[in-house]
Amino acid sequence: MRYLPKSPDERKKMLAEIGAKSIDDLFAIIPEEYRLTGDLNVPRQHAESEIIDYFRAAGDMNATGYTSFLGAGAYRHYRPVVIDALVQRGEFLTSYTPYQAEITQGTLQAIFEFQSMIAELTGMDVANASMYDGSTGAAEAVMMAVRVTGRHKAVAARTVHPEYREVLATYAKHQGIENIPFGYDRETGRVDLAALDAAITSETAAVLVQSPNFFGVVEDIPAIAAIAHAKGALLIVSIAEAVSLGTVRPPVEADIVTMEAQSFGVALSYGGPFCGVIAAKEQYLRQMPGRLVGQTVDGNGYRGFVLTLATREQHIRREKATSNICTNQALVALMATIFLTVYGKEGIRELAEHNMAKASYAAKTLSAAPGAKLLFDKAPRFHEFVLKTDEAPAVWNKRLMNSNIVGGIDLSRWYPEMEHATLWCATEVMTRENIDKAASVLAAAPVEA
Amino acid sequence: MTSDASPSINGAARVTTGKVRPHQTQNESLVFEKSSPGKRGYKLPPLDVPAIDIKALLGSAAREMPAALPELSEIEIIRHFTRLSTWNYAIDLGMYPLGSCTMKYNPRVNEFVARIEGLADAHPYRPDSLAQGALEVIDLLQRCLIEITGMDAITLQPAAGAHGEFTGILLVRAWHESNGNARRKIIIPDSAHGTNPATAAICGYTVENLKSNADGGIDLDALERQVDDETAALMLTNPSTLGVFENQIHKIADILHAKGALLYMDGANMNALVGKVRPGDFGVDVMHLNLHKTFSTPHGGGGPGSGPVACKAFLEPFLPTPVLVRREIEVNSPAPESWETVGDDQPAPLFRAPVAEPNSAEDPRKEHVTLCWDYDRPKSVGRVRAFYGNTGMFIRALAYILANGPDGLRQTTEDAVLNANYIRAKLEDLYELPYKTPSMHEVVFSDKRQAALGVKTGDIAKRLIDYGFHPYTVSFPLIVHGALMIEPTESESLEELDLFISAMRSIAKEVEESPDLVKSAPHSTRVSRLDEVQAARKPILRWRG
């Protein structure tokens with residue numbers, strides 16, 4: 001086996017040193033009736049070339065070469081080449097959580113830079129070293145708000161990503177957190193402020209909203225914050241499209257921001273690994289979940305970095321920890337850090353502007369197709385939009401699919417009231433040619449029976 | 001680079017040494033301190049659609065102040081992160097014997113295949129018909145892991161080990177609830193990982209500690225007394241965190257099952273068992289795996305991981321939504337050939353790819369779905385994560401299983417156990433072995449003899465750094481006072497093991513002859529011991545310009 005660095009003779013020599021007659025002696029403690037006598041029924045040993053052939057075939061089977069208008073919490077952005085060149089350095093790739101600070105300063109400083117960039121972007125005081133993803137980050141943020149306020153109810157906007165809300169429901173259920181949904185304005189696609197106000201009580205720990213929301217609409221965060229804070233609830237803002245922070249005002253009125261950073265240079269990879277992160281006001285620091293890297297000095301007074309405030313964490317506090325999280329998404333956070341360094345202060349704004357321009361053009365062009373209408377057209381949007389069509393989404397999308405175009409996602413899957421409505425996304429990698437092509441397919445093809 | 005840094009910050013003294021110093025000790029500022037306005041590391045293509053007016057579109061929601069991100073050119077970005085990387089120790093540099101963490105070789109082909117375009121670029125909401133390749137990979141990995149664990153069903157959705165624990169205990173809870181009583185408590189041995197009690201707590205259970213017996217194992221009498229009608233499950237790590245196999249495992253399972261409680265296994269130490277014994281055969285009802293431990297996906301400085309949960313058939317209805325199912329719809333072409341039927345002598349692919357050209361009008365993928373996600377799961381515990389889990393990690397883990405095959409997986413386990421026992425045999429004369437029970441894949445010593453001379457496990461660990469090794473796991477498990485928890489994995493050659501053993505023996509001698517040398521280690525690193533107290537007392541968690 002090519003990964004195993006021992007010759008048969010070396011194995012014999014080692015057994016002799018241990019004083020064992022055969023390798024079986026070392027497994028003698030396992031009751032005999034449970035020991036496997038034959039091979040596991042898994043595929044035979046494969047050569048490296050065969051492994052590559054297998055996964056290439058899988059990639060081909062997945063079908064490449066489609067133009068996609070899919071977004072909804074996973075976004076296709078250009079990934080600068082330097083990202084993979086750097087994260088594949090063995091020193092980053094094959095090191096562990098930086099418990100031994102003296103020989104993990106590389107990871108620690110990079111995470112400190114990540115925390116700093118996220119805090120800058122979100123307008124929060126502090127950010128952690130990452131969470132699993134945006135969905136679990138949102139659930140952990142609600143749990144954090146419960147600890148901070150001592151209250152046990154949460155209200156979540158229906159315009160938060162439906163799968164985030166499902167994850168929140170799973171987490172909340174067993175901690176006695178009552179999780180109450182509230183609706184949106186059918187004209188604007190924004191949070192219904194009156195419904196929000198009615199949903200909050202003196203027992204409400206947190207208000208969870210997303211901006212840009214699941215329909216791509218930017219929420220009125222100052223107005224939402226005023227309503228939440230008037231009743232003593234914390235405001236949690238979830239951001240599923242991190243690139244939006246290039247042009248969209250950061251939610252500075254929020255108490256906690258939870259973000260999915262996949263858009264910062266992380267491959268779609270059929271849904272993961274992505275990179276969640278929680279940022280917050282400084283006063284809530286000690287209730288934050290996850291790892292934190294802090295600056296300190298060494299014995300000679302030189303600047304260095306360490307994992308800090310570990311007394312919040314499971315390996316110290318066990319059942320009293322702020323979360324059970326242990327592993328985070330360090331390498332993915334590194335991708336985001338490199339991405340943000342590549343684009344920088346000006347680039348992130350320019351990138352966000354390109355996204356808005358493409359989506360603006362796509363919304364205008366596609367909504368001009370026969371039987372199509374742009375919903376929520378008066379509200380501020382980032383790079384997603386909702387089309388309402390005379391035909392069923394399945395029929396529309398089939399026509400596009402025949403031209404190798406994947407159309408918008410059918411919203412009735414999560415919103416029964418949104419019949420014949422689809423959610424579309426155009427990022428900077430979408431071309432005018434492909435938008436025009438989609439429009440011409442929709443304009444030209446006859447309606448199928 | 002700032003030259004006016006305060007004395008407490010890496011500053012002028014180091015900068016002046018310039019190129020004389022190797023990269024490992026070279027000064028490298030924070031990326032923000034290397035920024036100058038107007039530098040660019042990117043270039044966007046010309047906009048092919050009409051430009052927009054941000055303010056007009058967003059109104060008061062437009063960003064006024066840009067975020068203070070650094071501005072650097074590409075070469076500076078490459079150098080910055082490359083220099084930072086050289087400050088890390090890594091498996092690629094040498095032995096990394098962190099107990100419980102299974103720091104094994106991360107094969108490079110795993111990285112290569114995870115980046116194949118059709119897999120890396122796949123959007124999670126693309127129609128199932130256009131995701132058949134990803135689904136085949138997920139399906140094959142699921143079947144392999146079910147076979148390896150001896151369980152009946154699996155979910156790959158959890159993002160890490162602790163997330164897997166959470167999912168597993170939710171299954172336990174849902175099953176008890178379906179029987180009319182969720183029960184109140186989870187029993188956890190005092191040798192367990194900290195994630196176990198933290199998980200039980202967030203699943204709404206009371207944690208009850210189970211004291212280990214004189215051998216560091218489960219005390220059957222104590223367990224018998226403790227398990228009652230309110231016990232939902234025992235969370236057991238097997239082999240235990242002492243690296244010892246619970247050979248009374250079937251009796252443990254019987255005690256639990258007799259009271260209607262379940263046996264949860266923390267699979268963190270599965271690297272000691274693969275191909276030799278299967279948890280499903282010895283009474284485990286539900287368990288998690290760490291693909292980033294046993295199945296070679298890289299730790300990446302702390303993640304991403306992946307924590308699949310395997311269970312017995314009676315827990316299957318409760319698995320998180322969605323689950324992968326194979327459905328034959330409008331089958332015009334033969335069903336994919338399963339890999340079980342492919343013999344050694346046949347170079348056939350593991351599954352049959354579609355015959356038609358990908359983009360032809362007759363493309364069968366547009367009509368014919370064989371694998372799809374099932375969302376209609378009324379008894380499910382719900383979702384634990386958006387989408388389907390860390391698919392990029394599934395690809396890597398499957399590549400590892402394919403590279404090994406059944407014989408390679410078994411040999412891997414045998415070598416991991418051989419290595420740990422070799423270290424034990426070569427060090428037990430100098431380091432106290434608190435439990436004499438046979439070791440599996442890791443060995444736990446205590447610092448009893450060295451502590452008598454004023455040197456603790458943490459000091460010995462730091463001194464190992466000077467010898468070119470990453471430290472072992474320090475002060476864990478908690479049941480061993482001053483623990484040195486050493487897990488070499490199968491990836492170490494005899495030569496590397498002998499170097500490690502010689503380093504440990506040399507340090508034991510230093511403890512006797514010059515303890516201060518050990519207590520002030522490390523001496524060879526870019527920074528010396530860092531002030532953790534100051535870091536926690538006045539936290540500085542971000543750069544401020």
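**Low-confidence stretches and odd backbone spots**

Trainee: For residues 330-367 of chain B, where pLDDT stays under 50, how many contacts does the model have beyond four places in sequence?

Mentor: This is a predicted model: local features need pLDDT of at least 70, side-chain atom pairs need 80 or more, and totals for chains, interfaces and linings use all residues. Residues count from 1 along each chain as its sequence is written, while chains are lettered from A and ligands numbered from 1 in the order written. pLDDT is the predictor's per-residue confidence, from 0 to 100, and a contact means C-beta atoms, placed from the backbone, within 7 Å. For residues 330-367 of chain B, the count is 50.

Trainee: And what's the average pLDDT of chain B?

Mentor: In chain B, 88% of the residues score at least 70. Residues 1-21 of chain B sit below 50. The chain B average is 90.

Trainee: Which residue precedes B:Pro304 across its cis peptide bond?

Mentor: B:Pro304 is in the loop between strand 6 (286-288) and strand 7 (309-311) of chain B; strands are DSSP E runs of at least two residues, helices H or I runs of at least four, numbered from the N terminus. Omega is near 5° there, and the preceding residue is B:Gly303.

Trainee: Is A:Ala72 buried or exposed?

Mentor: Its phi is near 60°, positive in a non-glycine residue. Buried takes 20 or more other C-beta atoms (placed from the backbone) within 10 Å, exposed 12 or fewer, and partly exposed lies in between. A:Ala72 has 25 such neighbours, so it's buried.

Key
Two residues are in contact if their C-beta atoms, placed from the backbone, lie within 7 Å.
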